[in-house]
Amino acid sequence: VLMEAGVTSTSANTVRSVIENRKLAGAGANALTVTTAAGSTSLTAPTLSQMFNGVTSMHLAGNDAGDSMGYVFPDGAANVFGYRNAYSDKWSSINQNASQNPPGDPTVTERYQLLSRPYPAQPTDQSFSYVLLPGATTSDVDVYRTTPEVQTLTNTASVQAVEEKSLGIVAANFWNDRPTTIDRGGSDWL
């Protein structure tokens, strides 16, 4: 579970949290499946620049067997910006040790999928969470979305806590040195 809280900015610039920035297979056609209340859409175009509203889950096909990634938004639908593009440059641009660069210093092109969560302009004390499902299939993501094993107990700048429901395990981070309680099933806990 990835959680962020207390997101605040007075800048007029857009504030985004990166969910994923993943290298894609050669042609960059890894399927990105986006699920909203209206249904699922699978995108395979090598370029993409699109806002997805009301997302409940996403699945990004991996480059090899078993390295796909699922994303589930258990605390309600999220708006997610998807950007897919190719980046080209020479190894010498990042490696000043010429003896370690490939012969001839060829231009290398790689494709990446960026997924980010935009916040409203000048956010104040905003929060967000999602569950990563490494190696998940689209079916695994669908099952988890409808019956999530994790429940957010609280996600504030003071304390972040989740519960793994089937095991009854609670994990919490306390960010301030002061007494704090967490509501678990209608009663104060911790």
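**Salt bridges, cores and a sheet**

Biologist: In this predicted model, which residue meets E163 in a salt bridge?

Modeller: The two side chains meet at 2.6 Å, N to O. They link distant parts of the chain: E163 is in strand β11 (residues 159-164), and the partner is in strand β13 (residues 182-184), 21 residues away. That partner is R184.

Biologist: Is E163 buried or exposed?

Modeller: The cut-off for buried is under 20% relative accessible area. R184 has 23%, so R184 counts as partly exposed. E163 has 10%, so E163 counts as buried.

Biologist: How many salt bridges does the whole structure hold?

Modeller: Side chains of opposite charge can pair when their charged atoms come close. E163 with R184 is one such pair. A search of the whole structure gives a total of 4.

Biologist: How many residues apart in sequence are the parts tied together by K23 and E110?

Modeller: The side chains of K23 and E110 form a salt bridge at 3.5 Å, N to O. K23 lies in strand β2 (residues 16-23), while E110 lies in strand β8 (residues 107-118). So the pair ties together parts whose separation in sequence is 87 residues.

Biologist: What separates D142 and R145 along helix α1?

Modeller: Their side chains meet in a salt bridge, 3.1 Å from N to O. Both residues belong to helix α1 (residues 138-146). Because they are 3 residues apart there, the separation is about one helical turn.

Biologist: Which side chain of opposite charge is nearest to R117?

Modeller: R117 is found in strand β8. R117 is buried yet has no salt bridge. A salt bridge needs the atoms within 4 Å. The nearest side chain of opposite charge is 6.0 Å away, and it belongs to E4.

Biologist: Which element gives the most residues to the largest nonpolar core?

Modeller: In soluble globular proteins, nonpolar side chains tend to be buried together. This core has 20 residues, and I19, L32, M58, Y71, F73 and V80 touch the most other members. Elements giving two or more residues are β3 (32-36), β5 (48-60), β6 (69-72), β7 (78-90) and β9 (126-134). With 5 residues, the one that gives the most is β5.

Biologist: Which residue of helix α1 (residues 138-146) does Y71 touch?

Modeller: Set aside residues up to four places away in sequence. The residues that Y71 touches then include I19, T56, M58, L115 and V131. Helix α1 covers residues 138-146. The contact that falls in that range is V141.

Biologist: How many residues make up the second core?

Modeller: This core is separate from the one already described. Its members include L133, V141, V150 and V162. The count is 8 residues.

Biologist: Which strands are the edges of the open sheet of 3 strands?

Modeller: The sheet has the order β10-β11-β12, with antiparallel pairing. An edge strand pairs on one side only. The edges are β10 (150-155) and β12 (169-174).

Biologist: What is the average twist from one strand to the next in that sheet?

Modeller: Its strands follow the order β10-β11-β12. From one strand to the next, the twist averages 15°.

Biologist: Which residue in β11 is the bridge partner of Q151?

Modeller: β10 and β11 run antiparallel and are joined by 5 bridges. The partner of Q151 also meets R184 in a salt bridge. It is E163.

How values were computed: Residues are numbered from 1 along each chain as its sequence is written. This is a predicted model: local features need pLDDT of at least 70, side-chain atom pairs count only at pLDDT 80 or more; totals for chains, interfaces and linings use all residues. Side-chain values use heavy atoms; hydrogens and water are left out. Helices (H or I, at least four residues) and strands (E, at least two) are DSSP runs, numbered from the N terminus. Buried means under 20% relative accessible area, exposed over 50%, partly exposed in between (1.4 Å probe, protein chains only). A nonpolar core is a set of buried Ala, Val, Leu, Ile, Met, Phe, Trp, Tyr and Cys residues joined through side-chain atoms within 4.5 Å. Contact means heavy atoms within 4.5 Å. Lys and Arg count as positive and Asp and Glu as negative; His and the chain ends are not counted. Two strands pair if DSSP finds at least two bridges between them. Axes are lines fitted to C-alpha atoms, for helices over the stretch in contact, and angles run from 0 to 180 degrees between N-to-C directions.
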